[in-house]
Amino acid sequence: MSERIFIGVAWPYANGPLHLGHLAGCYLGADIFARYHRMRGNDVLMVSGSDTHGTPITIRADQEGITPAEVVERYHAEFLDTWQRLGISFDLFTHTNTENHERVVHDIFLKLLDQGYIYTDEMQLAYCPGCRRFLPDRYVEGVCPNCGYERARGDQCDQCGRTLDPQELVRAYCILCNGAPEFRDSEHFFLKLSAFQEQLLEWIREQPHWRANVSNQTRSFLESGLKDRAITRDLTWGVPIPLEGYEGKRIYVWFEAVIGYLSAAVEWAANRGQAADWESFWKDPETRSYYFIGKDNIPFHSIIWPAMIMGYDDNLNLPYDVPANEFLSLENRKFSTSQNWAVWVPDFLDRYDPDPLRYLLSINMPEAGDADFSWAEFVRRNNEELVATYGNLVNRVLSFTYRNFDGRIPEPGNADEIDRQLLASARGALDEVGNSLEHTRFKTAIGQAFGLAQDANRYLDTKAPWRSIKTDREEAGSTLFVALQVINCLKVALAPFLPFSSQKVHEFLGFDGAIELENWDYEALVSAIQGGATLRQPTPLYTKLDVQVAELESQRLGNETA
């Protein structure tokens, strides 16, 4: 029986290109998960979009002397191109600067206000005398009062993940002029988070399937006591407040960006001409909602967004899971956009194919702890695993078969014990990979798939059809038939991770159509390999990289302009 799966993915700030840390943090995992569930026949909606109102956009605009809208237009277009080239299969990737998003944000704001979960109060905000302006939280930096990190921002500390207010920072300074800010009173709207303390604690206890990092950080945040949070700021860029008298203020980005998950679903349904279709993904209690994010965004998705949903409409689904990844470092250093210590995805795709990157980030995904990307490891895994294990398997079986059996699948003979063992491994691998993907264990899943590829290589070494074809053509053909059945299973088991090369294998095997339309079904996959069916002439799946690539790419780090 098919299931309905909603996948919300973190909204990247449209202020610069994406780097590998972003992909490893949430986007690749979300895409693998979505592709798997589609192949299982489940109804999937995966949405995200460019966060266009965050202060990183206004910072970039100030630096370049252009408008925030111009910054957004440039990078949103680049994001769309990156997703297509990398194979990230969003059902909708929109942005927060749409009339639809503003309408949904206003609806939630006014409903929470009417229910008493939003109220006005005076608060102190950072004001820079040198710049003569109120400062958005991210324009203020200083020392984190929790962990002592010296570059903590006014909204959050990247070192310990604690959410902050600017006045909590020690030795705060304005990032524009380095001057010390003053704190002046200003009237703003607050979300009454404290009202949801017990309800959230009770709900969290019902989520034993959450990853340890998500569960632990969420419990710690709740147990320290929820504080009401301001949801407006003195800004001119962002979603306006839907009330008179507040024209110089905007709804703060942390509040309105998470609403994008709902507004994107509404927009997706409207684009289909079926305006009510979003409701099945949000109001059907059987639908499971997954939020793929980085660990720095856990409280916003495990506490603040659920609280907003609870206050707005208890008929809407709360998150089923928040599979947040840890961080990816680069050559044992933290990614730094300011120091250009990053591998920018558009630059990578200009020089290399997408699947080798998808492979490395999958087998090295920072699920349970931080991970590191190095160019030497990228080259090694590409050559020793992608090329030598899977690519070699596909190429030698298909090339040998195509050359010796007139471009057709040979007729099968009677299966012996070794044949049956390999086919049983294929059946088991599909089940194991599927189970791991169901539980968002991506590293384990791709390892299980490659385990089957290794089994198939050992099978070929044992059977040696290149020798038996000289004395028993029928036996060689039967061996190749079994190997082709297993490769047909492998193309599906690896399709969520390696969609481009899986599509190639699909076509080499003589099939038409998109790999995404294949079913995750062992019986159907082995039955689809028919003796006498036409194959297409294969080409190598992957390119072996010169070891000097690692040195050359390492030298680029910190030198190219983002």
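Q: How are α12 and α13 oriented relative to each other in this predicted model?
A: The axes of helix α12 (residues 354-363) and helix α13 (residues 375-404) come within 10 Å and cross at roughly 100°. Angles of 65 to 115 degrees count as roughly perpendicular. The two helices, α12 and α13, are therefore roughly perpendicular to each other.

Q: What is the basis of the model and of its numbering?
A: Residues are numbered from 1 along each chain as its sequence is written. The model is predicted, with local features needing pLDDT of at least 70 and side-chain atom pairs counting only at pLDDT 80 or more.

Q: Which residues in α13 meet α12?
A: Contact means heavy atoms within 4.5 Å. From α12, the participants are Asp 355, Pro 356, Leu 357, Tyr 359, Leu 360 and Ile 363. They meet, in α13, Glu 377, Phe 378, Arg 381, Asn 382, Glu 385 and Leu 386.

Q: How many residues of strand β1 are buried?
A: Buried means under 20% relative accessible area (1.4 Å probe, protein chains only). Strand β1 (residues 4-9) is mostly covered, and of its six residues the number buried is five.

Q: Which residue in β2 stands opposite Gly 8?
A: Two strands pair if DSSP finds at least two bridges between them. β1 and strand β2 (residues 43-50) pair in the parallel sense over five bridges. Opposite Gly 8, in β2, stands Val 47.

Q: Which residue in β14 stands opposite Phe 6?
A: β1 and strand β14 (residues 288-292) run parallel and are joined by five bridges. The residue in β14 opposite Phe 6 is Ser 289.

Notes:
Side-chain values use heavy atoms; hydrogens and water are left out. Axes are lines fitted to C-alpha atoms, for helices over the stretch in contact, and angles run from 0 to 180 degrees between N-to-C directions. Helices (H or I, at least four residues) and strands (E, at least two) are DSSP runs, numbered from the N terminus. Angles under 35 degrees count as roughly parallel, over 145 as roughly antiparallel, 65 to 115 as roughly perpendicular and the rest as oblique. Buried means under 20% relative accessible area, exposed over 50%, partly exposed in between (1.4 Å probe, protein chains only).
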